Amino acid sequence: MKEQLKAIGEQADRALEKVQSLSELDQLRVSFLGKKGPLTALLKQMGSLPPEERPTMGQLANQMRQHIEEHIEARLAVLKALEIKKTFEAESVDVTLPGVKLPKGNLHPLNQVLDDMIDIFQSMGFDVVDGPEIETEYYNFEALNIPADHPARDMQDTFYVGDHLVLRSQTSAAQIRTMETRKPPIRVICPGRVFRADEVDATHSPVFHQIEGLVVDKGITMCDLKGCLEQVAREIYGPDAKIKFRPSFFPFTEPSVEVDVSCPECGGHGDSCRICKGTGWIEILGAGMVHPRVLAGCGIDPEEYTGFAFGIGLDRLTTTRYKISDIRLLFENDLRFLTQFDR
Ligand code: DAH
């Protein structure tokens, strides 16, 4: 019997050495130590031994069981360590590999300049308002003192989309909507798209952008207009920027001016400057004192209140800031162009 026990032990040791996985080890445990295993079978034969030999044999059998159990535990620890190592290897990340770059977008140059303009005007106390792109003739023309026979109303300039409905040809329409809904003091800008039936070329597009400005209060004068625009020009073009008023005409302002800024490229010297074409000045906006008839039409007493208004061409601001030579580039959505303005 002793011999048999020894043989079982050796058999278990050999089998254990070959075990490669946790499930194999489990099977081995059952087959050696389970109810149907050789050790149990041997113990069952103990009854046939003389009584004085039984305690010794029982002790030996228990020692063998313990021996096998200890070996199984030791093998278990080895296999578990191996398993963990394998998992780590399979899941390991090489942190020295280059990362995957996620493509990142950037704001369109028009929106970058617009954001700057909104910052400038908000810091001066202006609110930003919105107006519809499809306007009635009343807001786009009539309320702005543009009579029915004015050439701006011509189908060749303005897109008519229905009976008395147009695609707004100027953000000035927002002035009227603002004065109808707000009481002075009013200080707003209205940025947005405007539409005109222009042939497309390097400086014209049927869709372009304006920023309308309107200030109405008691005692507003042309000096306020000039001070405000001078400040804006300095914010955009730097502390040395100068502005110049030229007399002009707009039906909704009296007097009206066109405003030039000293050329940011040549500093106003002109010479052979490509940007200002040698003049030293660049036209950036139209402006004026709100016509009394426009105020009155919106229920604001022109005897009590005065105001100034201006309309800035956002596309022109953008092309001069970034030295873009063709306005069409702004509308073609060519990523090779647009990604140059990442900031
Ligand atoms: N609406 C004018 C245009 O499209 C620009 C303009 C000029 C707006 C004078 C104004 C203004 O508010 O006072 O050419």
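The following paragraphs describe the domain division, the salt bridges, the aromatic contacts and a nonpolar surface patch of a predicted model.

The chain is divided into two parts, domain 1 spanning residues 2–91 and domain 2 spanning residues 109–341. The C-alpha centres of domain 1 and domain 2 are separated by 93 Å.

In total, 17 salt bridges are present in the structure. One of them pairs D342 with K104, with the closest N and O atoms 3.2 Å apart. Because D342 belongs to the segment after helix 11 (335–338) and K104 to the loop between helix 4 (54–91) and helix 5 (109–123), this contact ties together parts of the chain that are 238 residues apart in sequence. D342 is partly exposed, at 42% relative accessibility, whereas K104 is exposed, at 61%.

A salt bridge is also formed by the side chains of R182 and D127, with an N to O distance of 2.7 Å. R182 is located in the loop between helix 7 (173–181) and strand 5 (186–195), and D127 in strand 1 (residues 127–128), so the pair ties together parts that are 55 residues apart in sequence. Both residues are partly exposed, R182 with a relative accessible area of 32% and D127 with one of 36%.

In a further salt bridge, between K323 and E265, the closest N and O atoms are 3.3 Å apart. This pair links distant parts of the chain, 58 residues apart: K323 lies in the loop between helix 10 (314–322) and helix 11, and E265 in the loop between strand 8 (253–262) and strand 9 (281–290). Relative accessibility is 46% for K323, which counts as partly exposed, and 42% for E265, which is likewise partly exposed. Elsewhere, R246, E258, D260 and E283 are joined into one network by salt bridges that share partners.

Seven aromatic pairs are found in the structure. In the pair formed by Y138 and Y139, the ring centres are 5.2 Å apart and the planes meet at 80°, so the arrangement is edge-to-face. Y138 is partly exposed, at 33% relative accessibility, while Y139 is buried, with a relative accessible area of 14%. The face of Y139 is also covered by R177, at 3.9 Å from the ring centre. Similarly, K226 lies over the face of F245, at 5.4 Å from the ring centre. One aromatic cluster comprises F121, F126, F308 and F310.

At the surface, I134, V161 and L165 make a nonpolar patch of about 240 Å². Of these residues, V161 is situated in strand 3 (residues 160–162) and is partly exposed, with a relative accessible area of 45%.

How values were computed
Residues numbered from 1 in each chain as written. Predicted model: local features only at pLDDT ≥ 70, side-chain atom pairs only at ≥ 80, totals over all residues. Heavy atoms only, no water. Phe/Tyr/Trp six-rings, centres within 6.5 Å; stacked < 30°, edge-to-face > 60°. Buried < 20%, exposed > 50% of the residue type's maximum accessible area, 1.4 Å probe, protein only. Lys NZ or Arg CZ within 6 Å of the ring centre and 35° of its normal. Patch = residues over 30% accessible without salt bridge, like charges linked within 9 Å, V, L, I, M, F, W, Y side chains within 5 Å. Areas by Shrake-Rupley, 256 points an atom, 1.4 Å probe, with all protein chains shown as cover. Salt bridge = Lys/Arg side-chain N within 4 Å of Asp/Glu carboxyl O. Helix = DSSP H or I, 4+ residues; strand = E, 2+ residues; numbered from the N terminus. Domains from an automatic or database assignment.
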